[in-house]
Amino acid sequence: MKVRRKIVQIDEELCDGCGICVPSCAEGAIQVVEGKARLMAERYCDGLGACLGECPKGALQVVEREAEEFDEEAVEEHLRALKAPEEPALACGCPSSQIQSFEPGKSCEQANQPHQQHSPMASALSHWPVQIRLVPPSAPFLRGADLLVVADCSALAYPEIHRDFLEGRVVLMGCPKFDDGSLYVERFREIFEKAGIRSVVVLTMEVPCCQGLPMMVKRGMDLAAKSVPLQQVVVSTRGEILRRASLVA
């Protein structure tokens, strides 16, 4: 049944699909679909407007109009559906079911040699898997870790990522635009609650759709009631570091 009430309205002309608003909606009413933030169903939106202040483009507003009544039971069912199912163990031995920790490839001898422009560089990766969705919060390599959260395009754009960012850190990768933002928030909440993370660096591209990733990390931290040093590093499409910002001291 429709009633006249307050509800969030999204201006698709202004929206650039960055997804920053998604984790701020506790009801999961907003999701990024085909590059735009959309209201998934009127009954999921309580009309309080907690998402408004997160939008850098001003694409969100609360209006009063005829809309379906807010349905708390429908919201709970919707949130359950948004949670990621357990990743099945595949017959082929999917890496998500094979948690691995190993010594990074860079030896002491390599570390003491001067870096040459075309010299091969060993991998600084210390564990597997690396995708945010595939790493369980209980993974042993997360305990007491300094975390590097990477928007996956930035790993290709920045050529020295192993040397400058990955050494000594545990890396998690994902795409804040095409993956489920609410799933990321929940995963980070569990990680901060269970793993005793010491610090976080979030490496993103300069493009708008990347800017939601550090907000998802921070939202997960807030839900876990933790305060961990959090820094964002923004990389250009040509692989240059444009800026660094401390989001949590």
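The sheet to look for in this predicted model is an open one, built from five strands in the order S8-S7-S9-S10-S11, with mixed pairing. Strand S8 (170–174) and strand S11 (241–248) form its edges; each has a single partner strand, so one side of each is left without a neighbour in the sheet. On average, neighbouring strands here are turned by 20° against each other, direction ignored.

How do such strands hold on to one another? In general, strands of a sheet pair through backbone hydrogen bonds, in either a parallel or an antiparallel way. The table gives three of the pairings, each with one pair of facing residues.

| Strands | Sense | Bridges | Facing residues |
|---|---|---|---|
| S7 and S9 | parallel | five bridges | Leu147 and Val200 |
| S9 and S10 | parallel | six bridges | Thr204 and Val234 |
| S10 and S11 | antiparallel | six bridges | Gln231 and Ser246 |

Now take a look at strand S9 (199–205). Is S9 largely enclosed or left open? Seven of its seven residues are buried, so S9 is largely enclosed by the rest of the structure. You can check this face by face: Ser199, Val201, Leu203 and Met205 are buried on one side, while Val200, Val202 and Thr204 are buried on the other.

A helix also belongs in this picture. Which strands does helix H6 (residues 212–223) lie across? H6 lies across strand S7 (146–151), S9, S10 and S11, and it runs at about 155° to S9. Together, S9, H6 and S10 make a right-handed β-α-β unit. If you trace the chain on your screen, try following S9 (199–205), then H6 (212–223), and then S10 (residues 230–235).

Finally, let us visit a single residue, Glu193, which is found in helix H5 (residues 181–195). Is Glu193 buried, exposed or something in between? Its relative accessibility is 40%, and because buried means under 20% and exposed means over 50%, Glu193 counts as partly exposed.

What does Glu193 touch? Leaving aside residues up to four places away in sequence, Glu193 touches Leu223, Ala224 and Lys226. Of these, Leu223 has a number that falls within the range of H6 (residues 212–223). The side chain of Glu193 also makes a polar contact with the side chain of Arg189, at 2.7 Å. Glu193 and Pro137 are 56 residues apart in sequence, and their C-alpha atoms are 8.7 Å apart in space.

Technical notes:
Residues are numbered from 1 along each chain as its sequence is written. This is a predicted model: local features need pLDDT of at least 70, side-chain atom pairs count only at pLDDT 80 or more; totals for chains, interfaces and linings use all residues. Side-chain values use heavy atoms; hydrogens and water are left out. Two strands pair if DSSP finds at least two bridges between them. Helices (H or I, at least four residues) and strands (E, at least two) are DSSP runs, numbered from the N terminus. Axes are lines fitted to C-alpha atoms, for helices over the stretch in contact, and angles run from 0 to 180 degrees between N-to-C directions. Contact means heavy atoms within 4.5 Å. Buried means under 20% relative accessible area, exposed over 50%, partly exposed in between (1.4 Å probe, protein chains only). A crossover is right-handed if, with the strands pointing away from the viewer, the path from the first strand over the helix to the second runs clockwise. A polar contact is a pair of N or O atoms within 3.5 Å; within protein, one must be able to donate a hydrogen and the other to accept it, and residues adjacent in sequence count only if both atoms are side-chain atoms.
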